[in-house]
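Trainee: Could you take me slowly through one part of this protein and what surrounds it? I would like to follow the contacts from one residue to the next.

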Amino acid sequence: MALHDRYARRTPFELAFPDPERARRLADDVYAEAEARGVDPRHPQMFATLGSVGGYLTELRDPGAPAEAVQQYAALAFHGVAFARAGCPLYLLSTDAARFLVSGVRKGTPQAPEEAGYLQLPQHLFWVESDGEGTVPESLDGLFWTLTGHGTIHTLLVTGVRPDRPGVGVIPVPEAPIKDAESWLRANVREEEQGVDFASSIPGAELDGLFGIRAAGEPLKLLARCFALLEEEPGWTERRSASHHPASSRDQGSEHKGTASNDEEARGGAESGPLPSELPYTLIRDRPGDHA
């Protein structure tokens with residue numbers, strides 16, 4: 001299975017807000033209304049009560065959409081607004097860096113680099129797994145985080161970002177006190193009978209080195225270790241423009257066949273890779289000082 005991390009892929013934010021100006025207007029409207037009403041728009045429950053949010057959700061949803069779909073729209077809008085308000089901080093975790101974070105604890109302090117952001121994971125490396133009957137694992141594209149004014153962090157997992165079907169899947173993680181992030185670094189999240197954290201039950205997962213997400217604490221553990229890595233050693237990162245999609249780079253974990261031009265790569269497809277994001281991003285690479 002190919003693990004893609006050569007460039008930042010089209011993000012859930014861009015899928016939900018294909019017009020960036022619409023996202024900025026919504027963010028301005030939300031914060032103006034919240035200030036007038038004296039509520040904190042960084043709190044999901046308060047965010048959902050705002051008229052500007054309700055109007056936007058009405059634009060999005062199909063008339064016959066179930067209540068569950070509306071809740072998913074609201075969760076994505078909440079993190080999308082916070083993401084836009086923060087300046088769209090997008091981080092791409094390389095495959096080697098992801099394996100490094102899973103393998104051990106970082107020495108740095110797990111302090112979020114921004115109040116909100118999106119951590120995009122290597123494509124098809126992490127899979128959300130469930131014990132439910134008839135459920136199938138979903139590839140985890142990444143996760144949003146948003147810090148509130150009350151010292152909590154809200155996290156949203158995003159799955160199902162695929163060119164062969166519309167929409168995405170979202171899984172909210174229960175809010176958690178950000179002051180506890182230090183303990184997440186070393187936490188054993190899974191119950192004993194569920195095995196080791198991040199272990200995958202997908203057949204053949206050990207051959208491709210795939211990781212599984214089965215407990216709510218696992219994404220928080222991964223996020224905390226990523227924050228600690230960024231605080232510990234800034235040399236792990238490389239700032240890239242939206243146009244930096246090197247066609248000559250090799251897909252990690254798979255053989256790269258042929259050489260595609262940047263234009264070909266931008267169009268996506270089976271051979272040229274997924275559609276690239278139009279946002280600038282920060283690459284978290286495999287070791288300090290290495291440049292792709």
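Mentor: Let's start with a word we will use often: two residues are in contact when heavy atoms lie within 4.5 Å. This is a predicted model, in which local features need pLDDT of at least 70 and side-chain atom pairs count only at pLDDT 80 or more, while totals for chains, interfaces and linings use all residues. Residues are numbered from 1 along each chain as its sequence is written, and side-chain values use heavy atoms, with hydrogens and water left out.

Begin at D141, which sits in strand β4 (residues 138–147); helices (H or I, at least four residues) and strands (E, at least two) are DSSP runs, numbered from the N terminus. D141 counts as buried because its relative accessibility is 6%; buried means under 20% relative accessible area, exposed over 50% and partly exposed in between, with a 1.4 Å probe and protein chains only. Setting aside residues up to four places away in sequence, D141 touches R9, P12, Y118, L119, Q120, L121, V158, T159 and V161.

Now follow L119. In the largest nonpolar core, which has 42 residues, L93, L119, F126, W145, I153 and I284 touch the most other members. Such a core is a set of buried Ala, Val, Leu, Ile, Met, Phe, Trp, Tyr and Cys residues joined through side-chain atoms within 4.5 Å. Helix α9 (residues 217–232) supplies the largest share of this core, nine residues. Beyond its neighbours within four places in sequence, I284 is in contact with L119 too, and also with Y91, L92, L93, S94, A97, C226, L229, L230, W236 and T237. Another core, of 35 residues, lies apart from that one and includes V53, F78, L279 and L283.

Two of these names lead to a pair of strands. Strand β9 (residues 281–284) runs antiparallel to β8 and is joined to it by four bridges; strands pair if DSSP finds at least two bridges between them. L283 is the bridge partner of E238. Along β8 (residues 237–240), E238 and R240 point to one face and are buried, whereas T237 and R239 point to the other and are not. In a regular strand the side chains alternate between the two faces of the sheet.

Finally, take F78, found in helix α5. F78 is buried, because its relative accessible area is 4%. Leaving aside neighbours within four places in sequence, its contacts are P41, R42, H43, P44, F47, T146 and H154. The C-alpha atoms of F78 and H43 are 8.6 Å apart, although 35 residues separate them along the chain.
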